[in-house]
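Here are a few short exercises to work through with the model open in your viewer. Try each one yourself before reading its solution.

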Amino acid sequence: MLQNPVQIVLIAKDRSQIYLEMRRAIFAAYLPNRAITILSETDTLPAGHPASGKTAIDGKETAYVCQGPVCSAPVTTPDDLTKLLADLPAKAA
């Protein structure tokens, strides 16, 4: 897990239906090396975190998937998150 962690950051303003669906997408993906951080819109990550400074897009629930020091573009739908997680390189799983 420490060699190639997948860090998933989910920013949500509340526990909406979209939030729940995105959370389900995260847990449905086979990623034994994942770390999940769920933040409110006002929470921040430490300066050394690859998603530090990332924000929700247009007030929507937003997810970032980070591998090493690089994060994906933001996704704001459960379907896009499912696809992003499914398309991770095999070495990440």
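Keep in mind that this model is predicted.

**Exercise 1.** Work out how helix 1 and helix 2 cross, and which hand the crossing has.

*Solution.* Begin with the geometry: helix 1 (residues 17–28) and helix 2 (residues 78–86) pack at an angle of about 15 degrees, and their axes lie 9 Å apart. Helix 1 is therefore roughly parallel to helix 2, as angles under 35 degrees count as roughly parallel. Last comes the hand, and this crossing is right-handed.

**Exercise 2.** Find which residues of helix 1 and helix 2 meet, and sort them by class.

*Solution.* From helix 1, take Ile 18, Glu 21, Met 22, Ala 25 and Ile 26; they meet Pro 78, Leu 81, Thr 82 and Leu 85 of helix 2. Sorting this contact by class gives seven nonpolar residues, one polar and one charged.

**Exercise 3.** Trace the strand order of the open sheet, and explain why strand 2 and strand 4 each have one side without a neighbour.

*Solution.* First, the order: the four strands run 2-1-3-4, with mixed pairing. Next, look at the edges, where strand 2 (34–39) and strand 4 (70–71) stand; each has a single partner strand, so one side of each lacks a neighbour in the sheet. Now follow strand 4 to strand 3 (residues 62–67): these two pair in the antiparallel sense over two bridges. Within that pairing, Cys 66 stands opposite Cys 71 in strand 4. Finally, add helix 1, which packs on the sheet and touches strand 1 (6–11), strand 2 and strand 3. The direction of helix 1 makes about 170 degrees with that of strand 2.

Note on methods
Residues numbered from 1 in each chain as written. Predicted model: local features only at pLDDT ≥ 70, side-chain atom pairs only at ≥ 80, totals over all residues. Heavy atoms only, no water. Axes fitted to C-alpha atoms, helices over the stretch in contact; angles between N-to-C directions. Parallel < 35°, antiparallel > 145°, perpendicular 65-115°, else oblique. Left-handed = near helix turned anticlockwise from the far one by under 90°. Contact = heavy atoms within 4.5 Å. Nonpolar A, V, L, I, M, F, W, Y, C, P; charged D, E, K, R; others polar. Pairing = 2+ DSSP bridges.
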